[in-house]
Amino acid sequence: MRKIILLLGFVLVSMVGKAQENGIVQDFDPNYVHTVFFWMKDPANEVANKKFEVSLRKFLDSSKYAKTQFIGRPPKATRDVVDDSFTYSLVLSFESAEAQENYQKEEAHLIFIEESQDLWDKVVVYDAMGI
């Protein structure tokens, strides 16, 4: 339980705190949040994982639309309601649904998909707009 609380605290601090992109410090934008879960084909393959991480960071470093970024791996679940079956999670915030749509079409995103799609078995996306 303590690990889950610490992880949630870290995520909150990471997301609500400041994010730096191109030398400009920006706040988490609650208008639109894009959460992606990846299940790798071979989650124990460190070479493949490193390739995925490098490609993902390269993409995010050049994204013109993602305001804040969080890349994570699941901790060992301690409660039945916690799904720790994924290999990586990605949480991004955007100023609007339109910005998120533009992100989907930007060249850096398409290159990331091309470079990494053979490494994952499954991807699940949850998008949410702030209320």
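Is phenylalanine 52 buried or exposed, and at what relative accessibility? In this predicted model, phenylalanine 52 has a relative accessibility of 0% and therefore counts as buried, the limit for that class being under 20%. The confidence of the prediction frames what follows: the pLDDT averages 83 over the chain, and 79% of the residues score at least 70. Residues 1–25 stay under a pLDDT of 50, and for this segment the model has 33 contacts beyond four places in sequence. Where pLDDT is low, the predicted coordinates should not be read in detail.

The aromatic residues were examined next. A search of the whole structure returns 13 aromatic pairs. One of these joins tyrosine 32 and phenylalanine 94 in an edge-to-face arrangement, with 6.4 Å from centre to centre and 75° between the planes. Because tyrosine 32 belongs to strand S3 and phenylalanine 94 to strand S5 (residues 88–94), this pair ties together parts of the chain that are 62 residues apart in sequence. Tyrosine 32 and phenylalanine 94 are both buried. A further pair, formed by phenylalanine 52 and tyrosine 88, is tilted, its centres being 4.8 Å apart and its planes 40° from each other. Here phenylalanine 52 is contributed by helix H2 and tyrosine 88 by strand S5, so that the pair ties together parts 36 residues apart in sequence. Tyrosine 88, with a relative accessible area of 1%, is buried, as is phenylalanine 52 at 0%. Ring pairs link these four residues with Phe38, Phe59, Tyr103, Phe112 and Trp120 into a cluster.

Charged side chains also meet aromatic rings. The charged end of arginine 73 sits over the ring of tyrosine 88, at 4.6 Å from the ring centre, and the charged end of lysine 122 sits over the ring of tryptophan 39, at 4.4 Å from the centre of that ring.

Helix H4, which spans residues 107–116, has Ala108, His109, Phe112 and Ser116 as buried residues. Viewed down the axis of H4, these buried residues fall within an arc of 100°, and they therefore line one face of the helix. An α-helix has 3.6 residues a turn, so residues three or four places apart point the same way. The face of H4 turned away from the buried side carries Glu107 and Glu114, which are exposed. Among the elements that cover the buried residues of H4 are strand S3 (32–40), helix H2 (46–62), helix H3 (97–105) and strand S6 (120–129). Phe112 of H4 is also a member of the aromatic cluster described above.

Two further positions were considered individually. Threonine 87 is located in the loop between strand S4 (68–72) and S5, and its relative accessibility of 6% means that threonine 87 counts as buried. A polar atom of the threonine 87 side chain lies 3.0 Å from the backbone nitrogen of methionine 40. When neighbours within four places in sequence are left aside, threonine 87 is in contact with Phe38, Trp39, Met40, Pro43, Gly72, Arg73 and Pro74; of these, Arg73 is the residue whose charged end sits over the ring of tyrosine 88.

Lysine 51, by contrast, is a residue of helix H2 that is partly exposed, with a relative accessible area of 49%. With neighbours within four places in sequence again left aside, lysine 51 is in contact with Glu115 and Leu119. The C-alpha atoms of lysine 51 and glutamate 115 are separated by 8.8 Å, although these residues are 64 residues apart along the chain.

Definitions and conventions:
Residues numbered from 1 in each chain as written. Predicted model: local features only at pLDDT ≥ 70, side-chain atom pairs only at ≥ 80, totals over all residues. Heavy atoms only, no water. pLDDT = per-residue confidence, 0-100. Contact = heavy atoms within 4.5 Å. Buried < 20%, exposed > 50% of the residue type's maximum accessible area, 1.4 Å probe, protein only. Helix = DSSP H or I, 4+ residues; strand = E, 2+ residues; numbered from the N terminus. Arc of directions from axis to C-beta. Phe/Tyr/Trp six-rings, centres within 6.5 Å; stacked < 30°, edge-to-face > 60°. Lys NZ or Arg CZ within 6 Å of the ring centre and 35° of its normal. Polar contact = N/O pair within 3.5 Å; in protein donor to acceptor, adjacent residues only side chain to side chain.
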